[in-house]
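Work through the exercises below with the model open beside you. Try each task before reading its solution.

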Amino acid sequence: QVQLVESGGGLVQAGGSLRLSCAASGRYAMGWFRQVPGKEREFVAAISWSGRSTDYADSVKGRFTISRDNAKNTVSLQMNNLKSEDTAVYYCAARTRLDALAYEVAQYDYWGQGTQVTVSS
């Protein structure tokens with residue numbers, strides 16, 4: 001069983017930055033999703049196993065950056081210029097298929113427990 005452990009959430013003012021990290025051992029493509037109460041979990045960013053391919057939701061393009069350090073078994077999400085609408089529980093996810101980036105919840109095999117990000121306006 002794969003364990004994904006997120007860290008780095010918290011409270012920040014609008015315009016500020018946070019960096020989320022996810023510890024995940026093994027060979028996986030990775031993604032970040034977020035969810036607010038009453039809404040479906042939504043895609044935020046994805047990165048290939050090699051790190052050469054990345055993609056983002058339109059709502060975070062230019063503000064968020066996903067990266068990975070396979071030597072340290074870590075995937076990160078750098079979030080800059082945060083907005084109140086970024087407030088959510090953020091989840092990292094791992095996918096055993098490595099052939100393409102994935103954008104849907106059902107395409108991922110393992111999930112972390114989530115970390116709360118709150119942006120105050």
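The exercises follow one strand, its neighbours and a cavity beside it.

This is a predicted model, in which local features need pLDDT of at least 70, side-chain atom pairs count only at pLDDT 80 or more, and totals for chains, interfaces and linings use all residues. Residues are numbered from 1 along each chain as its sequence is written, and side-chain values use heavy atoms, with hydrogens and water left out.

**Exercise 1. The sheet**

Task: Give the strand order of the open sheet of 4 strands, and name its edge strands.

Solution:
- Start with the strands. They are DSSP runs of E with at least two residues, numbered from the N terminus.
- Next, the pairing rule. Two strands pair if DSSP finds at least two bridges between them.
- The order is E1-E3-E8-E7, and the pairing is antiparallel.
- The edges are E1 (5-7) and E7 (64-69), each of which pairs on one side only.
- From one strand to the next, the twist averages 15° (axes are lines fitted to C-alpha atoms, and angles run from 0 to 180 degrees between N-to-C directions).

**Exercise 2. The partners of E8**

Task: Over how many bridges does E8 pair with E7, and over how many with E3?

Solution:
- E7 and E8 are antiparallel and share 6 bridges.
- Within that pair, Phe64 has Met79 as its bridge partner, and Thr65 stands opposite Gln78.
- E3 (residues 18-23) also pairs with E8 over 6 bridges, again antiparallel.
- On this side, Leu18 stands opposite Met79.

**Exercise 3. Burial in E8**

Task: Is Val75 buried or exposed? Then do the same for Ser76: buried or exposed?

Solution:
- Set the cut-offs: buried is under 20% relative accessible area, exposed over 50%, and partly exposed in between (1.4 Å probe, protein chains only).
- Val75 belongs to E8 (residues 74-79). Its relative accessibility is 4%, so Val75 is buried.
- Contacts come next (heavy atoms within 4.5 Å). Leaving out residues up to four places away in sequence, Val75 touches nine-strong company that includes Leu20, Cys22, Trp32, Ile47 and Ile66.- Ser76 is also in E8. At 7% relative accessibility, Ser76 is buried.
- With the same sequence neighbours left out, Ser76 touches Arg19, Leu20, Ser21, Trp32, Thr65, Ile66 and Ser67.
- Now the whole strand. In E8, 5 of the 6 residues are buried, so the strand is largely enclosed by the rest of the structure.

**Exercise 4. The cavity**

Task: What lines the largest cavity, and what is its volume?

Solution:
- Define the cavity: on a 1 Å grid over the protein atoms alone, it is a set of points where a 1.4 Å probe fits but cannot get out, and lining residues have an atom within 4 Å of a point.
- Define the volume: it is the space filled by probe spheres set on the points, with grid points joined across faces, edges and corners.
- The whole structure holds 1 cavity of 30 Å³ or more. The largest cavity has a volume of about 40 Å³.
- Its lining includes Ala24, Met30, Trp49, Arg68, Asn73 and Val75.
- E7 and E8 each supply at least two lining residues.
- By type, the lining divides into 4 nonpolar, 4 polar and 2 charged residues. Here Ala, Val, Leu, Ile, Met, Phe, Trp, Tyr, Cys and Pro count as nonpolar, Asp, Glu, Lys and Arg as charged, and the others, Gly among them, as polar.

**Exercise 5. Positive phi in the loops**

Task: Where does Asn73 lie, and where does Asn81 lie?

Solution:
- Asn73 lies in the loop between E7 and E8. This hairpin has 4 residues between the strands.
- Phi of Asn73 is positive, near 55°, in a residue other than glycine. At 33% relative accessibility, Asn73 is partly exposed.
- Asn81 lies in the loop between E8 and E9 (88-95). Its phi is about 50°, although Asn81 is not a glycine.
- At 41% relative accessibility, Asn81 is partly exposed.

Note on methods
1 Å grid on protein atoms, 1.4 Å probe; cavity = no way out; pocket = protein on both sides within 12 Å on 5 of 7 lines; lining within 4 Å.
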